[in-house]
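Visitor: I am new to this structure and would like to look closely at a single part of it. Please take me through that part slowly, and then place it in its surroundings.

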Amino acid sequence: MTVHPSLQPYADAWTHSIEAISELVLPLPEGEWNRATPCPGWSVRDVVSHIIGIECEQLGDPRPIHTVARDLRHVVDEFSRYMEVQVDVRRHHTAPEMTAELEYTVIRRARQLRNEKRDPGTLVRGPLGDQVTLEHALRLRAFDVWIHEQDLRAALRAPGNWDSPGAYVARDVLLAGLPKVVAKRAGAPANSAVVIDVHGPLEFMRTVRVDAEGKGTLDSSPSLGPAVQLTLDWETYVRLAAGRVRAGAVADRVKVEGDGELADAILAHFAVTP
């Protein structure tokens, strides 16, 4: 590839996940496309439709002119309605139509990435039509396709790639939202610290420190006597932080030490993705 060095990890992660998704869905019979995924209201077909649609928008294709029905229970706000358009417009596509469009879209996007010569700071169209840097857009795409790869693997009972290149991108994206979860949403007290200890295919420990003004920051140094320490496996961390499961459903997989009330508040607001 000819992308900028700072973009290469995201291009590599995107490529790895999108190829894994293609391999997962290519052999699926028609009925398997209707399997429910951890994404509320979305089937395997819907997740693949979402991926195709967003990648087409990154290519500069116009958005479909399509009205989403008002009675879809999982469409709860303007963000979800915006995202639903690319999904709903493909809801009756057959398996061959889906795999053909996915394959063609991946070829086009891979070619675009190979020929990418723009500076990482170049402003491009973001996922909601807003302006973001090229680097930010590629990071989000690498993150999104890996998360959705895991959605598809869960639906199809085909676990894997928990430590792939996309997993490391996802780790950093999800951790970036942690200070806001702890300091703002959960209301951790000033001058306190919260430790997250994750084990499994990806292992890491991070500390959120809340300063005297109530602002949270993230670092990798341990804290002596934190207000809360949460110990959990990587898969559970992803499912919680990506909003795929509520804390009560995985309580047996999270070890809580310290202030139980604060821990409950953190876990209740753990999701950092819509």
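Where α1 and α4 cross, is the crossing left-handed or right-handed?

Guide: The model in front of you is a predicted one, and in it the crossing of α1 and α4 is left-handed. Two packed helices are described by the angle between their axes and the distance between the axes. Here helix α1 covers residues 8-25 and helix α4 covers residues 95-114, and their axes come within 11 Å of each other while crossing at roughly 165 degrees. Angles over 145 degrees count as roughly antiparallel, and α1 and α4 are therefore roughly antiparallel to each other. The residues that make this contact are, on the side of α1, A11, W14, I18, I21, S22 and V25, and, on the side of α4, T99, L102, V106, R109, A110 and L113. Sorted by class, the contact of α1 with α4 has 9 nonpolar residues, along with 2 polar and 1 charged.

One of the contact residues of α1, W14, can serve as a starting point for a step outward to Q131, which is 117 residues away along the chain and whose C-alpha atom is separated from that of W14 by 20 Å. Q131 belongs to strand β2, made of residues 131-133, and with a relative accessibility of 53% it counts as exposed, since the cut-off for that word is over 50%. If its neighbours within four places in sequence are left aside, Q131 is in contact with L123, V124 and R125.

The stretch 123-125 is strand β1, and together with α2 (44-58) this strand is included in what covers the buried residues of helix α3. Helix α3, which runs over residues 78-88, is mostly covered, with 9 of its 11 residues buried. Those buried residues are S80, R81, Y82, M83, E84, V85, Q86, V87 and D88.

A further place to visit is the loop between α5 (134-156) and α6 (165-176), where R157 is found. The phi angle of R157 is near 55 degrees, a positive value in a residue other than glycine, and at 66% relative accessibility R157 counts as exposed. S164 also has its place in the loop between α5 and α6, but S164 is buried, with a relative accessible area of 4%. Apart from neighbours within four places in sequence, S164 is in contact with H16 and W146. A positive phi is found again at N191, where the value is near 60 degrees and the residue is, once more, other than glycine. N191 lies in the loop between α7 (178-185) and β3 (192-199), and its relative accessibility of 62% makes it count as exposed.

To finish, here is the setting of these parts in the chain as a whole. The chain contains 9 helices and 7 strands. Its radius of gyration is 19 Å, close to the 19 Å that the globule rule gives for 274 residues, so the chain is as compact as a globular protein of that length. Along its principal axes the C-alpha trace spans about 55 × 40 × 35 Å, and buried residues make up 49% of the 274 residues. Of the contacts in the chain with a separation of 6 or more, 64% are between residues 24 or more positions apart.

Definitions and conventions. Residues are numbered from 1 along each chain as its sequence is written. This is a predicted model: local features need pLDDT of at least 70, side-chain atom pairs count only at pLDDT 80 or more; totals for chains, interfaces and linings use all residues. Side-chain values use heavy atoms; hydrogens and water are left out. Axes are lines fitted to C-alpha atoms, for helices over the stretch in contact, and angles run from 0 to 180 degrees between N-to-C directions. Helices (H or I, at least four residues) and strands (E, at least two) are DSSP runs, numbered from the N terminus. Angles under 35 degrees count as roughly parallel, over 145 as roughly antiparallel, 65 to 115 as roughly perpendicular and the rest as oblique. A crossing is left-handed if the near helix is turned anticlockwise from the far one by less than a right angle, and right-handed if clockwise. Contact means heavy atoms within 4.5 Å. Ala, Val, Leu, Ile, Met, Phe, Trp, Tyr, Cys and Pro count as nonpolar, Asp, Glu, Lys and Arg as charged, and the others, Gly among them, as polar. The radius of gyration is taken over C-alpha atoms; the globule rule is 2.2 Å times the number of residues to the power 0.38. Buried means under 20% relative accessible area, exposed over 50%, partly exposed in between (1.4 Å probe, protein chains only).
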